[in-house]
Amino acid sequence: LTILLFLLTCCAPFSGSAQDRPIAYTAEDSIVSNADEGTVELFNNVNIVFGETTLQAGYAKIYWKDQLVEAKGYKLPSGEMTQQPVFVESGKTFYLSEIRYNWSTEKAKIKALLTQEGENFLNGDAVKKVDSNTLYMAGTGFTTCSHEEPHFQIKTGKSKVVMGERIITGPAHFEFFGIPTPLVIPYGYFPTNIEKPDISGLLMPSFQNSPTQGLGLVNGGWYFPINDYMNFELRGDIYLRGSWALAATTNYKKRYKYS
């Protein structure tokens with residue numbers, strides 16, 4: 001058992017079909033190794049690098065035999081949790097409460113996730129990451145509102161997120177300021193990258209508070225891919241005082257030819 005009470009950097013090799021690269025890790029307070037169990041515990045300002053994937057947290061424990069790492073925040077003497085995990089993979093940043101990540105399979109179980117996907121901000125109570133691109137989320141909320149407590153969002157019990165492509169939900173409802181509304185959709189399909197010509201679906205609206213029109217949802221609608229060179233967007237606005245608007249946009253584009 002080794003305890004280091006100062007900043008320490010370590011590297012250890014691992015094998016796996018995905019990547020054969022070392023893991024580098026640091027911790028500000030201490031690193032505790034248990035050779036018999038094949039584990040390493042890291043405390044305070046933990047940083048772990050798996051190739052191009054990084055994990056920052058207040059506390060982490062590495063299980064070498066299982067190629068697994070668990071991470072969560074750092075508990076202060078006052079009882080407050082700080083340094084909540086931040087997981088970065090393939091250029092995507094995930095803010096978490098807890099994570100259990102297998103660096104060989106790239107699978108993970110996550111509690112309390114927050115991330116940005118396209119123009120949408122996603123949050124989930126419990127998340128299963130099945131590969132580098134796909135998430136299954138329970139207790140999902142997503143919105144275009146960037147506030148920590150969003151003014152409005154769509155809430156659903158379960159969803160599937162294909163990063164860089166789409167969000168798929170079951171029955172979902174709108175919430176305003178945390179209050180559920182009777183605005184319900186039985187099924188949701190939201191493209192998050194409309195540059196891909198084969199993805200159609202709902203376009204998330206934005207929240208707006210107009211002094212003359214009242215509260216409203218604006219610029220929501222449906223995206224229709226027509227072919228590799230043309231698409232069509234039908235968007236609309238609606239306000240609580242009765243105002244509404246519709247807009248249609250068709251885009252034509254062929255590289256080096258026309259747009």
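This short talk walks through paired strands, salt bridges, a surface patch and some backbone angles in one structure.

Before I begin, please keep in mind that this is a predicted model, in which local features need pLDDT of at least 70 and side-chain atom pairs count only at pLDDT 80 or more, while totals for chains, interfaces and linings use all residues. Residues are numbered from 1 along each chain as its sequence is written, and side-chain values use heavy atoms, with hydrogens and water left out.

Let me start with the strands, which, like helices, are DSSP runs numbered from the N terminus (E, at least two residues, for strands; H or I, at least four, for helices). Strand S12, residues 98-102, runs antiparallel to S7 and is joined to it by five bridges, and S12 also pairs in the antiparallel sense with strand S13, residues 107-117, over five bridges; pairing here requires that DSSP find at least two bridges between the two strands. In the hairpin of S12 and S13, four residues lie between the strands, and Glu106 takes a positive phi near 65°.

Which residue stands opposite Glu70 in S12? That is Arg100, and the side chains of Glu70 and Arg100 also meet in a salt bridge, at 2.0 Å from N to O. This pair links distant parts of the chain, with Glu70 in strand S7 and Arg100 in strand S12, 30 residues apart. By salt bridge I mean a side-chain nitrogen of Lys or Arg within 4 Å of a carboxyl oxygen of Asp or Glu, and a search of the whole structure finds six of them.

A second cross-strand pair involves Glu98, which stands opposite Lys111 in S13, and the side chains of these two residues, Lys111 and Glu98, meet in a salt bridge of 3.9 Å, N to O. Here too distant parts of the chain are linked, since Lys111 is in strand S13 and Glu98 in strand S12, 13 residues apart.

As for accessibility, buried means under 20% relative accessible area, exposed over 50%, and partly exposed in between, with a 1.4 Å probe and protein chains only. Glu70 is partly exposed at 25%, as is Arg100 at 40%; Lys111, at 49%, is partly exposed, and so is Glu98 at 33%. Another salt bridge joins the side chains of Arg235 and Glu233, at 3.0 Å from N to O, and in this pair both Arg235 and Glu233 are buried.

Turning to the surface, Trp222, Phe224, Leu234, Ile238, Trp244 and Leu246 make a nonpolar patch of about 660 Å², with strand S23 (214-227), strand S24 (230-239) and S25 as the elements that give two or more residues to it. Patches are made of residues with over 30% relative accessible area and no salt bridge, where like charges are joined within 9 Å and nonpolar side chains (Val, Leu, Ile, Met, Phe, Trp, Tyr) within 5 Å; the accessible areas come from the Shrake-Rupley method with a 1.4 Å probe, and for residues only the protein chains shown count as cover. Trp244 lies in strand S25 and is exposed, with a relative accessible area of 63%.

Finally, the backbone: most residues other than glycine have a negative phi. Gln67, however, has a positive phi near 55°; Gln67 is found in the loop between strand S6 (53-63) and strand S7 (68-72), and counts as buried because its relative accessibility is 16%. Tyr256 likewise has a positive phi, near 65°, and is found in the segment after strand S25 (244-252), but Tyr256 counts as exposed because its relative accessibility is 79%.
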